[in-house]
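Colleague: I am new to this structure and would like some help reading it. Could we go through a few features together?

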Amino acid sequence: MELTKRQEAILDIVKKEGPITGEQIAERLNLTRATLRPDMAILTMSGMLEARPRVGYYYSGKKPGRVLAEKLHRILVGDVKSVPVVVSEQCTIYDAVVTMFIEDVGTMFVVREGGFLEGVISRKDLLKTTLGGQDIHKLPVGVIMTRMPNIIYAEPDESVWEAARKLIMHEVDALPVVRPVNNENGAADLEVIGRLSKTNVTRLFVELGEGND
């Protein structure tokens, strides 16, 4: 976040004299409170300044990078996830390639009846199989998909920061967002309720940069 000279001047005043009222800040800069209102709003929403009723503004001590990190820890996967693209385990490689092309995604999730996670299939998996000379019109995705316990996934109540770290650490393009559901045997199945991709994370960064959080 790049501050204007006036915003830097406001921060400097608050650092030295805070807590201080908006009227007092305006007096120091020989400006009206109305003129400063947009700058005060930006500095407050960014987290660098905090305000208390009848007390005034004071410096939070937080750097812009720290503020962004805290926001990423507060925003949950469930708030930014997108609609998952799923196929069944019996879907052929050919149909999976067509679906991936039409939906314009790099990762699809393989589910059984009820939307429960069975596997993950990536663009790389399909390309490798297609180039391998096998009959992709007959071969089901269940033969080549990644299965548990090797599937990396996210849950809706974990932070976007944690999910983004998984994307980087495991070098994958997307994670299935799942909700544990106990089946009739008492074991937990994973119901696919969304996807968290690098695109989701990038879009969030852009929105935070624009102040649309």
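Modeller: Gladly; here is a short tour, going from domains to strands to single residues. Please keep in mind that this is a predicted model.

Colleague: Let's begin with the overall layout. Which domains does the domain assignment give for the chain?

Modeller: The assignment gives domain 1 as 5-71 and domain 2 as 75-198. Their C-alpha centres lie 45 Å apart. There is also a record to look at: an unreviewed UniProt entry carries the annotation "domain: CBS" for residues 80-136 and 145-213, and such annotations may be inferred rather than shown by experiment. Within residues 80-136, helix makes up 35% and strand 28%, and the end C-alpha atoms are 34 Å apart.

Colleague: How should I read a strand such as β4? Is β4 enclosed or not, and why?

Modeller: Look at how many of its residues are buried, where buried means under 20% relative accessible area. Strand β4 covers residues 107-112, and because five of its six residues are buried, the rest of the structure largely encloses it.

Colleague: Which strands pair with β4, and in what sense?

Modeller: Strand β3, residues 86-88, pairs with β4 in the parallel sense over three bridges; there, Val-86 has Phe-109 as its bridge partner. Strand β5, residues 116-122, pairs with β4 in the antiparallel sense over six bridges, with Thr-107 opposite Ser-122.

Colleague: And what links these strands?

Modeller: Helix α6, residues 93-103, joins β3 and β4 in a right-handed β-α-β unit. β4 and β5 form a hairpin with three residues between them, and Gly-114 in that turn has a positive phi of about 100°.

Colleague: Now for single residues. Where is Gly-106, and is Gly-106 buried or exposed?

Modeller: Gly-106 sits in the loop between α6 and β4. Its relative accessible area is 12%, so Gly-106 is buried. Beyond its neighbours within four places in sequence, Gly-106 is in contact with Met-100, Ile-121, Ser-122 and Arg-123.

Colleague: What about Ser-159: which loop holds Ser-159, and what does Ser-159 touch?

Modeller: Ser-159 lies in the loop between β6 (146-147) and α8 (160-170). Ser-159 counts as buried because its relative accessibility is 12%. Not counting residues up to four places away in sequence, Ser-159 touches Leu-72, His-73, Ile-75, Leu-76 and Val-77. In addition, a polar atom of the Ser-159 side chain is 3.1 Å from the backbone nitrogen of Glu-162.

Notes:
Residues are numbered from 1 along each chain as its sequence is written. This is a predicted model: local features need pLDDT of at least 70, side-chain atom pairs count only at pLDDT 80 or more; totals for chains, interfaces and linings use all residues. Side-chain values use heavy atoms; hydrogens and water are left out. Helices (H or I, at least four residues) and strands (E, at least two) are DSSP runs, numbered from the N terminus. Buried means under 20% relative accessible area, exposed over 50%, partly exposed in between (1.4 Å probe, protein chains only). A polar contact is a pair of N or O atoms within 3.5 Å; within protein, one must be able to donate a hydrogen and the other to accept it, and residues adjacent in sequence count only if both atoms are side-chain atoms. Contact means heavy atoms within 4.5 Å. Two strands pair if DSSP finds at least two bridges between them. A crossover is right-handed if, with the strands pointing away from the viewer, the path from the first strand over the helix to the second runs clockwise. Domain bounds come from an automatic or database domain assignment.
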